[in-house]
Amino acid sequence: MKNILLVYQAVALQNEERGRTDTPPSVITISVDEKPGVQAIANTAPDLLPVAGKHAKVARDHEYQRLGTCSILAALDLHDGHVTARVEHRHRSIEFIALLKDLDRYYPPECTIRLIMDNHSAHISKETHAYLATRPNRFRYVLTPTHGSWLNIVETLFGKMARTFLKHIRVQSWEELRDRILRGVAEINAAPVVHRWKKFGALDEVIF
């Protein structure tokens, strides 16, 4: 916990410094995680729109059809709020490496990408380490403690998704779910918000 909070504190100081200079950062901190099991659900009958004097809300049949699930792999930039995301059927090493390659293409080649994430098997697999070996000094891991995923700021992004474009979502295909999620991410990136950790009081308790 101490290590994670120290990183967040360093990011806060770095962001404050960036407000006074145009010098690009040498280290960019990204919060990474997966949201598995997002269900693609289709209606069995069309929704009924509100009707004055009968029902004030959209009416939906309680029956539904399952079309499979997807995993959202997301990387949240803690400096400017930009989200790099993929929507996959699974979240194995191959999908995680694809996300790392997206990050590698997006950020300047001279910077180090510091990743805050848990120790999921895909993050530390031999396949992932083999890829990391091809990009020496490009990525740096900071792992959250076991059962401490709540420390990862990207969880606030997933919460925002759940409250907005994922809430009560109904689709006609798995592909439609994927496209709508990516469209939601694009809308987030059109007006990004920097996610911050504000409760640094616990840091003194951990250290002392």
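Is D47 buried, exposed or partly exposed? With a relative accessible area of 27%, D47 comes out as partly exposed, because that value falls between the 20% limit for buried and the 50% limit for exposed. D47 belongs to the loop that links β1 and β2. In sequence, D47 is 107 residues from V154, and the two C-alpha atoms lie 33 Å apart in space. All of this comes from a predicted model, so the numbers here are computed from predicted coordinates.

As for the overall picture, the protein chain carries 7 helices and 5 strands. Going along the sequence, these elements follow the pattern α-β-β-β-α-β-α-α-β-α-α-α. Along the principal axes, the C-alpha atoms take up a box of roughly 60 × 40 × 35 Å. Of the 208 residues in the protein chain, 41% are buried. Contacts that span a good stretch of sequence are easy to find: taking those between residues at least 6 apart, 74% join residues at least 24 apart.

The strands come together in an open sheet of 5, ordered β3-β2-β1-β4-β5, and the pairing is mixed. The edges of the sheet are β3 (83-88) and β5 (139-143); each has a single partner strand, so one side of each has no neighbour in the sheet. From one strand to the next, the twist averages 25 degrees. Helix α2 (residues 93-106) packs on this sheet and touches β1, β2, β3, β4 (112-117) and β5. The direction of α2 makes about 150 degrees with that of β3.

Now for the pairings themselves. β1 (residues 27-43) and β2 (residues 64-77) run antiparallel and share 11 bridges. Within that setting, I30 sits opposite D77 of β2. On the other side of the story, β2 and β3 also pair in the antiparallel sense, over 6 bridges, and here L76 is found opposite V83 of β3. The β2-β3 hairpin has 5 residues between its strands, and G81 in this hairpin adopts a positive phi near 85 degrees. Although β3 stands at an edge of the sheet, 5 of its 6 residues are buried, so β3 is largely enclosed by the rest of the structure.

Two serines are worth a closer look. S31 sits in strand β1 and is buried, at a relative accessible area of 0%. Its side chain reaches the backbone nitrogen of V154 at 2.9 Å. Leaving out residues up to four places away in sequence, S31 touches A74, A75, L76, L78, I116, N152, I153 and V154. The other serine, S71, is part of strand β2 and is buried as well, with a relative accessible area of 3%. The S71 side chain makes a polar contact with the side chain of H91, at 3.2 Å. Once neighbours within four places in sequence are set aside, the contacts of S71 include K35, P36 and G37, along with R86, V87, E88, H89, R90 and H91.

V154, the partner of S31, leads on to helix α5 (residues 154-163), whose buried residues are V154, L157, F158 and M161. These residues span an arc of only 95 degrees around the axis, which puts them on the same side of α5. The spacing fits a general rule: an α-helix has 3.6 residues a turn, so residues three or four places apart point the same way. And what covers the buried residues of α5? The cover includes β1, β2, β3 and α6 (174-190).

Finally, the cysteines. How many disulfides does a search of the whole structure find? The search turns up 0 disulfides. C70 is buried, having a relative accessible area of 1%, and C111 is buried too, at 3%.

Notes: Residues are numbered from 1 along each chain as its sequence is written. This is a predicted model: local features need pLDDT of at least 70, side-chain atom pairs count only at pLDDT 80 or more; totals for chains, interfaces and linings use all residues. Side-chain values use heavy atoms; hydrogens and water are left out. Two strands pair if DSSP finds at least two bridges between them. Helices (H or I, at least four residues) and strands (E, at least two) are DSSP runs, numbered from the N terminus. Axes are lines fitted to C-alpha atoms, for helices over the stretch in contact, and angles run from 0 to 180 degrees between N-to-C directions. Contact means heavy atoms within 4.5 Å. Buried means under 20% relative accessible area, exposed over 50%, partly exposed in between (1.4 Å probe, protein chains only). A disulfide is a pair of cysteine sulfur atoms within 2.5 Å. A polar contact is a pair of N or O atoms within 3.5 Å; within protein, one must be able to donate a hydrogen and the other to accept it, and residues adjacent in sequence count only if both atoms are side-chain atoms. The arc is that of the directions from the helix axis to the C-beta atoms.
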